[in-house]
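Please examine the fold that follows, and then read the paragraphs below alongside it.

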Amino acid sequence: MDTLELLAHPVRLRVVHALRGGRALTTGQLCALIPDVSKATVYRHVDLLAAGGVLDVADERRVRGAVERRYRLRQEGAGIDAETARALTPQHHERAFAAAMAALIAEFGAYLEREGSDPVDDLVGYRQHALWLSKDELVALIGTMQAAIAPLLANPPSGERTRYLLSPIMFPAEQAEQAEQAEQAEQQGPQEPTPPLGG
């Protein structure tokens with residue numbers, strides 16, 4: 001199973017999210033963090049991620065005659081490089097996007113089910129903004145976002161930190177040519193209907 005196939009699954013993405021920040025967790029601890037998914041399903045997906053090189057075994061210990069493993073994320077195995085991304089078909093992108101959205105919806109549902117969740121107090125945001133950007137403006141915006149986010153990715157868990165999911169999603173919803181055509185049509189006003197044939 002290649003990296004894209006491994007990561008293009010909502011439960012596996014949630015496991016990856018849970019292990020960010022240098023955490024090392026047992027499968028039992030991962031089950032507690034993903035309570036809406038059955039333990040058998042979490043165990044199966046952890047095994048797949050480990051076999052696929054996305055997870056490493058951080059350490060092992062004997063617990064009541066069984067071996068308990070703590071898993072850690074392999075940063076180089078937990079993403080798609082630029083070359084792979086360029087080779088993806090639209091169908092691959094659609095599948096990966098659907099998995100990402102399904103994981104996000106499941107995580108948000110689990111958050112809302114948690115006792116004490118308060119979207120206002122927790123500063124939850126899910127606004128969408130429509131921006132008109134040139135290619136240069138888009139590159140500058142992405143650079144600004146990366147500069148703000150990248151240093152925080154290395155933050156380890158601590159008693160005063162809450163794990164937030166930040167999911168920047170950006171794609172062109174309308175091409176410049178479409179906008180120009182719509183604007184021209186609006187300026188021209190309503191068109192006279194074409195008379196029926198033979199009239």
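Which residues form one aromatic cluster? Phe 108, Tyr 111 and Tyr 126 do so. The model is a predicted one, in which local features need pLDDT of at least 70, side-chain atom pairs count only at pLDDT 80 or more, and totals for chains, interfaces and linings use all residues. Residues are numbered from 1 along each chain as its sequence is written, and side-chain values use heavy atoms, with hydrogens and water left out.

Across the whole structure, a search finds three aromatic pairs. One of them is formed by Phe 97 and Phe 171, which meet edge-to-face at 6.3 Å centre to centre, with 85° between the planes. Rings of Phe, Tyr and Trp (its six-membered ring) pair if their centres lie within 6.5 Å; planes under 30 degrees apart count as stacked, over 60 as edge-to-face and the rest as tilted. This pair links distant parts of the chain, 74 residues apart: Phe 97 lies in helix 6 (residues 90-113), and Phe 171 in the loop between helix 7 (135-149) and helix 8 (176-188). Helices (H or I, at least four residues) and strands (E, at least two) are DSSP runs, numbered from the N terminus. Phe 97 is partly exposed, at 39% relative accessible area, whereas Phe 171 is exposed, at 57%. Buried means under 20% relative accessible area, exposed over 50%, and partly exposed in between (1.4 Å probe, protein chains only).

The sheet is open and consists of three strands in the order 1-3-2, with antiparallel pairing. Two strands pair if DSSP finds at least two bridges between them. Strand 1 (24-26) and strand 2 (55-63) stand at the edges; each has a single partner strand, so one side of each is left without a neighbour in the sheet. Strand 1 pairs with strand 3 (residues 66-73) over three bridges, and Thr 26 stands opposite Arg 70 in strand 3.

Turning to the interior, the largest nonpolar core has 20 residues. Such a core is a set of buried Ala, Val, Leu, Ile, Met, Phe, Trp, Tyr and Cys residues joined through side-chain atoms within 4.5 Å. Its largest share, five residues, comes from helix 2. Val 15 is among the residues with the most contacts inside this core. Leaving aside neighbours within four places in sequence, Val 15 is in contact (heavy atoms within 4.5 Å) with Leu 30, Ile 34, Val 46, Leu 49 and Leu 55.
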